[in-house]
Amino acid sequence: AFGDPRAAQFADGSLADVAESVVDSVVNISIAKTVDASAAGIDGWFLEDPDSPFFVPPEERKQRGEGSGVIFTPDGLILTNAHVVHDAARIRVAMTDGRTLDADLVGRDTHSDLAVVRVTAEGGRLPWAAFGDSRAVKVGQVAIGIGNPYGFQHTVTSGVISALGRSLRSQSGRLVDDVIQTDAALNPGN
């Protein structure tokens, strides 16, 4: 996860040891947000009238979403994607030990699709993955992606670092420079 120096320690080719060393820092993030009925094309006054064919029960006025994140400090800072927490009314983090914690948005950058949320856990320190040094990455090195998408237990994928210094146009149209390219299969939620 994130070029963790421990990843270089697997000599037998087993990704299982690498995944196991950071898996507890990978979390599932779920959000709830209120749907704007007018933006969805639903006339607001129909929403409250149970006899209307356009009535939407209150529990269906919320949207839910999920994604993965990684705890990167022992005091509970978590890196995730900005689109995962966009317009969230409530953010919850599911840990591998079964705990579910409320989280607060610390900040986000929609251009790079990154966000940071914070959880606080009783008992103090949380499992965390250390950042590696992206300047030390070389083409041909193994890339490992670990996720916790859609409430499934952890998923692991691997590939190689295909190229360095690439540019990528974000969904907002901004050009993001110095991207590390990999052929690891990264699916939605990972």
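**Exercise 1. Is Phe72 buried or exposed? Find its aromatic partner and classify the pair.**

Solution. This is a predicted model.

Step 1. Start with Phe72. Its relative accessible area is 16%. Buried means under 20%, so Phe72 is buried.

Step 2. Look for aromatic pairs. The whole structure yields one. Phe72 and Phe131 form it, with 5.1 Å from centre to centre and 50° between the planes.

Step 3. Classify the pair. Planes under 30 degrees apart would be stacked, and over 60 edge-to-face. The angle here is 50°, and the pair is tilted.

Step 4. Place the two rings. Phe72 sits in the loop between strand E2 (62–71) and strand E3 (77–80). Phe131 sits in the loop between E6 and E7. The pair links distant parts of the chain, 59 residues apart.

Step 5. Check the partner's exposure. Phe131 has 45% relative accessibility. It counts as partly exposed, because that class lies between 20% and 50%.

**Exercise 2. Describe the overall make-up of the chain and say where the model is confident.**

Solution.

Step 1. Count the elements. The protein chain has three helices and nine strands. Along the sequence they follow the pattern α-β-α-β-β-α-β-β-β-β-β-β.

Step 2. Turn to burial and surface. Of the 190 residues, 32% count as buried. The accessible surface comes to about 11400 Å². Carbon and sulfur atoms hold 52% of that surface.

Step 3. Ask how far contacts reach along the chain. Take the contacts with a separation of 6 or more: residues 24 or more positions apart account for 59% of them.

Step 4. Read the confidence. Mean pLDDT is 80, and 74% of the residues reach 70 or more. Confidence is highest in E3, at 96. It is lowest in helix H2 (residues 44–47), at a mean of 46. Over residues 42–46, pLDDT stays under 50. The model has seven contacts beyond four places in sequence for that stretch.

**Exercise 3. Trace the pairing from E4 through E5 to E6.**

Solution.

Step 1. Begin with E4 and E5. They run antiparallel and are joined by four bridges. Val93 stands opposite Leu101 in E5.

Step 2. Inspect the turn. The E4–E5 hairpin has five residues between its strands. Gly98 in this turn has a positive phi of about 100°.

Step 3. Move on to E5 and E6. Six bridges join these antiparallel strands. Arg108 has Ala115 in E6 as its bridge partner.

Step 4. Inspect the second turn. Four residues lie between E5 and E6 in their hairpin. Here Asp113 has the positive phi, about 60°.

**Exercise 4. Do the same for E7, E8 and E9, then place Ala143.**

Solution.

Step 1. Pair E7 with E8. Strand E7 covers residues 142–147, and strand E8 covers residues 155–169. They run antiparallel, with six bridges between them. Ile146 has Val156 in E8 as its bridge partner.

Step 2. Pair E8 with E9. Strand E9 (residues 175–182) is antiparallel to E8, over five bridges. Leu168 is matched with Val176 in E9. Five residues separate the strands of this hairpin, and Gly173 takes a positive phi near 100°.

Step 3. Find Ala143. It lies in strand E7. Its relative accessible area is 12%, under the 20% limit, so Ala143 is buried.

Step 4. List its contacts, leaving aside neighbours within four places in sequence. Ala143 is in contact with Thr157, Ser158, Gly159, Val160, Ile161, Thr182 and Ala184. Its C-alpha atom and that of Gly159 are separated by 5.2 Å, though 16 residues lie along the chain from one to the other.

**Exercise 5. Identify the largest nonpolar core and its best-connected members.**

Solution.

Step 1. Name the members. The largest core has 18 residues, and Ile29, Ile78, Val85 and Val93 touch the most other members.

Step 2. Find the contributors. Strand E1 (26–34), helix H3 (82–85), strand E4 (90–94), strand E5 (100–109) and strand E6 (114–119) each give two or more residues.

Step 3. Follow Ile78. Beyond four places in sequence, its contacts include Val27, Ile29, Phe72, Val93 and Ala115.

Step 4. Look for a further core. Another one, of eleven residues, lies apart from the largest. Val18, Val26, Leu79 and Ile146 are among its members.

Conventions: Residues are numbered from 1 along each chain as its sequence is written. This is a predicted model: local features need pLDDT of at least 70, side-chain atom pairs count only at pLDDT 80 or more; totals for chains, interfaces and linings use all residues. Side-chain values use heavy atoms; hydrogens and water are left out. Two strands pair if DSSP finds at least two bridges between them. A nonpolar core is a set of buried Ala, Val, Leu, Ile, Met, Phe, Trp, Tyr and Cys residues joined through side-chain atoms within 4.5 Å. Buried means under 20% relative accessible area, exposed over 50%, partly exposed in between (1.4 Å probe, protein chains only). Contact means heavy atoms within 4.5 Å. Rings of Phe, Tyr and Trp (its six-membered ring) pair if their centres lie within 6.5 Å; planes under 30 degrees apart count as stacked, over 60 as edge-to-face and the rest as tilted. Accessible areas come from the Shrake-Rupley method with a 1.4 Å probe; for residues, only the protein chains shown count as cover. pLDDT is the predictor's confidence in each residue, from 0 to 100.
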